[in-house]
Amino acid sequence: MTAAQSHSAQTPQSPQNSQSPQNAQNTQNDAQPRIRVAGLTKHFGDVVALDGVDLEVGENEFVSIVGASGCGKSTLLSLIAGLEDPTSGTLEAAGVPITGPGRDRGVVFQQATLMPWLTVQQNVEFALRGENGLSRGARADRAREFIGLVGLSGFEQSHPAQLSGGMQQRAALARSLSYGPNVLLMDEPFGALDALTRRTMQELLLSVWEQHRLTVLLVTHDIDEAVVTSDRVVVMSPRPGRVQRVVDVPIPRPRTLASERTPEFRDLSDEILALIHAGA
Ligand SMILES: Nc1ncnc2c1ncn2[C@@H]1O[C@H](COP(=O)(O)OP(=O)(O)OP(=O)(O)O)[C@@H](O)[C@H]1O
Ligand SMILES: [Mg+2]
């Protein structure tokens with residue numbers, strides 16, 4: 001597979017977008033894991049949040065991180081996002097040291113961080129302002145395309161306050177996907193949503209990932225969410241945060257929420273829950 005082919009298979013870019021300079025840059029190191037973390041340690045004063053974390057996430061892989069509250073999940077994601085500096089250890093994205101945030105890594109947090117004074121359309125377009133060579137019209141088209149992808153067509157001119165929590169998270173997802181990151185980092189993105197909306201959003205995320213293939217790292221408290229979405233589930237131990245176990249999820253894809261009713265699914269979910277309780 002050529003770099004161009006592998007790129008178009010793995011990112012949520014329409015074909016006309018796939019040749020942008022940013023995306024060409026994103027495909028430089030396809031042989032490397034998308035994310036590599038080695039011997040990662042993070043201290044906040046006396047608190048050891050992470051202590052020697054090793055993790056590799058491959059191209060197009062979907063990996064979840066679970067563990068007790070305070071075990072360092074958000075800290076790990078922030079470090080990979082480049083929002084925090086490590087105390088020691090190695091952090092790489094496609095073989096390149098992570099020294100700060102980058103458009104190769106999109107981030108979605110628990111609360112949608114939309115700009116309240118901008119419409120949905122403007123919020124997504126704003127994220128595209130750094131895309132070299134994209135005209136205003138192309139920016140507007142790309143924003144509409146991704147707003148449609150997350151099922152928000154018709155709400156382009158709405159402001160965040162006029163949207164439900166689930167719709168705001170859809171808009172935040174559209175914004176993060178619009179510039180074609182190779183990696184999507186999500187920190188409890190559906191944690192604030194009601195159970196039904198959460199289900200819909202899980203299905204949306206699975207469908208986006210199945211269609212476009214990109215690397216996803218998802219922090220969640222919801223073990224079923226981790227199992228139904230992921231290729232592997234990383235179970236972290238409580239403070240200081242370490243990788244306690246990595247559980248493979250060999251359930252066939254495409255998966256739907258009906259997959260959760262199978263005995264195989266329940267066994268995996270129970271195993272992960274037992275690991276978290278054993279570590280607590
Ligand atoms: N900016 C900070 N300053 C000081 N301590 C921090 C900071 N961020 C995190 N910590 C500490 O690091 C540890 C890990 O926090 P982190 O937020 O990563 O946990 P978490 O696994 O995401 O928890 P939760 O499941 O509750 O979101 C905690 O003890 C927390 O108090
Ligand atoms: Mg957290």
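Start by selecting K42 and L50: L50 in β2 is the bridge partner of K42. This is a predicted model, in which local features need pLDDT of at least 70, side-chain atom pairs count only at pLDDT 80 or more, and totals for chains, interfaces and linings use all residues. Residues are numbered from 1 along each chain as its sequence is written, while chains are lettered from A and ligands numbered from 1 in the order in which they are written.

**Stop 1: the first hairpin**

Now show all of β1 (residues 35-44) beside β2; the two pair in the antiparallel sense over eight bridges. Two strands pair if DSSP finds at least two bridges between them. The element names come from DSSP runs, numbered from the N terminus: helices are H or I runs of at least four residues, and strands are E runs of at least two. Another pair to click is H43 with V48, its bridge partner in β2. Which residue in the turn has a positive phi? Select G45, where phi is about 60°; the turn belongs to the hairpin of β1 and β2, which has two residues between the strands.

**Stop 2: the four-stranded sheet**

Widen your selection to the open sheet with the order β2-β1-β4-β5, where the pairing is antiparallel. β2 and β5 (96-97) are the edge strands, each pairing on one side only. Further in, β1 and β4 pair in the antiparallel sense over five bridges. To see one of these partnerships, pick V37 and L91, its bridge partner in β4.

Next, add α3, which lies across β1, β2 and β4 (88-93) and runs at about 120° to β1. Axes here are lines fitted to C-alpha atoms, for helices over the stretch in contact, and angles run from 0 to 180 degrees between N-to-C directions.

**Stop 3: ligand 1**

Select ligand 1 and show the residues around it: F44, V47, A49, G67, S69, G70, C71, G72, K73, S74, T75 and R239. A residue counts as near if its C-beta atom, placed from the backbone, lies within 6 Å of the molecule. Which element gives the largest share of this shell? Colour α3 to find out: three residues come from α3. Both β2 (47-57) and α3 (73-81) supply at least two residues each. Colour the shell by class and you will find four nonpolar, six polar and two charged residues. Here Ala, Val, Leu, Ile, Met, Phe, Trp, Tyr, Cys and Pro count as nonpolar, Asp, Glu, Lys and Arg as charged, and the others, Gly among them, as polar.

**Stop 4: the six-stranded sheet**

Move on to the open sheet of six strands in the order β6-β7-β8-β3-β9-β10, which has mixed pairing. Its edge strands are β6 (105-108) and β10, each pairing on one side only. On average, neighbouring strands of this sheet are turned by 20° against each other, direction ignored.

Zoom in on β9 (residues 232-237) and β10 (residues 242-248), which run antiparallel and are joined by six bridges. They form a hairpin with four residues between them. Click V234 and you will find V246 of β10 standing opposite.

**Stop 5: helices around α6**

Select α5 (residues 136-149) and α6 (residues 165-178), whose axes come within 9 Å and cross at roughly 130°. That makes α5 oblique to α6, since angles under 35 degrees count as roughly parallel, over 145 as roughly antiparallel, 65 to 115 as roughly perpendicular and the rest as oblique. Show R142, A143, F146, I147 and L149 in α5, which meet A174, L177 and S178 in α6; contact needs C-beta atoms, placed from the backbone, within 7 Å. The residues of this contact divide into six nonpolar, one polar and one charged.

Finally, keep α6 and add α4 (residues 120-127), which packs against α6 at an angle of about 25°, with the axes 8 Å apart. Parallel or perpendicular? α4 and α6 are therefore roughly parallel to each other. Select V120, N123, V124 and A127 in α4 to see them meet A171, A174, R175 and S178 in α6. The residues of this contact divide into five nonpolar, two polar and one charged.

Note on methods
Two residues are in contact if their C-beta atoms, placed from the backbone, lie within 7 Å.
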